[in-house]
Amino acid sequence: MIDLLTAAPGPEFHIPGSTLPVRLARLHGPTCVVGFPAGWERRRRGHYLAGEEFVVLAGALHISGVTYLPGHHAWLPAGTLRHDSAAPSGAVALAHFAGPPSWVPSLLDEADGPTVRTPLESVVIPPGGLALSPLSWLRDSPVPLPGNAEIVTVGTWTWQLSAFMPEGRALVRG
């Protein structure tokens, strides 16, 4: 188990178009913990060619006029406009891209509004779980894990790899 809020994030990484480097700790494949320093910004307009899913663990992220707080899950499909992104007081997020995170800057993008913000603590979970994105599900109970497993617990929810869920990933509320 990894304590993400106290563990030092990995090496510095410069997100395209941003003002300050972030700290990046890779977990599994395209999944990583990102530490945004206070004052981090990306004012550039553009989009990624892959969908991104993230959960804010600490601090606050502002993306395209939406504020994501600790415990908020987000799904931003490929091509979703991003502008005026910032972490004024710093933030930590668990992030996963559905493919290579290729950034495409563009002044021609127009807001399309497909982003989803879900407060994990308040969502009602139907029997069998709730699909949050094409890559993850929210469940009220742990998923059986074969052999070695990667599990990250933050507050009252757990992110885990599991062969029993679509794409092998689930957010589990404890």
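**Exercise 1. In this predicted model, find the partner of Glu12 in a salt bridge, and work out which parts of the chain the pair ties together.**

*Solution.* Start at the charged ends: Glu12 pairs with Arg23, and their closest N and O atoms are 3.9 Å apart. That makes the cut, since a salt bridge needs the side-chain nitrogen within 4 Å of a carboxyl oxygen. Next, place the two residues. Glu12 sits in strand E1 (residues 12-13) and Arg23 in strand E2, so the bridge ties together parts that are eleven residues apart in sequence. Finally, check accessibility. Glu12 has a relative accessible area of 55%, so call it exposed; Arg23, at 37%, counts as partly exposed.

**Exercise 2. Look at Arg43 and Asp84: how many residues apart are they, and in which loops do they lie?**

*Solution.* First the bridge itself: the closest N and O atoms of Arg43 and Asp84 are 3.7 Å apart. Now the loops. Arg43 is in the one between strand E4 (40-42) and strand E5 (46-48), while Asp84 is in the one between E9 and E10, so the pair links distant parts of the chain, 41 residues apart. Both ends are partly exposed, with Arg43 at 42% relative accessibility and Asp84 at 37%. One last step: bring in Glu41, which joins Arg43 and Asp84 in a network of salt bridges.

**Exercise 3. Is Arg82 buried or exposed, and what is it in contact with?**

*Solution.* Find Arg82 in the loop between E9 and strand E10 (85-87). Its relative accessibility is 5%, so it counts as buried. For company, skip the neighbours within four places in sequence; the contacts then include Arg42, Arg44, Arg45, Tyr48, Glu52 and Trp103. Pick out Glu52: it forms a salt bridge with Arg82, the closest N and O atoms being 2.6 Å apart. Glu52 belongs to strand E6, 30 residues away from Arg82 in the chain. Glu52 is buried as well. Wrapping up the charges, the model has four salt bridges.

**Exercise 4. Which residues of the largest nonpolar core touch the most other members?**

*Solution.* The core has 22 residues, and the answer is Val34, Phe36, Phe54, Leu61 and Tyr68. Strands that each supply at least two residues include E2 (22-26), E3 (31-36), E6 (52-59) and E11 (91-97). E11 gives the largest share, four residues. Now zoom in on Leu61: beyond its neighbours within four places in sequence, its contacts include Phe36, Phe54, Val56, Tyr68 and Ala93. Another core, of eleven residues, lies apart from this one, with Leu27, Leu57, Leu120 and Leu132 among them.

Terms used. Residues numbered from 1 in each chain as written. Predicted model: local features only at pLDDT ≥ 70, side-chain atom pairs only at ≥ 80, totals over all residues. Heavy atoms only, no water. Core = buried A, V, L, I, M, F, W, Y, C linked by side-chain atoms within 4.5 Å. Buried < 20%, exposed > 50% of the residue type's maximum accessible area, 1.4 Å probe, protein only. Contact = heavy atoms within 4.5 Å.
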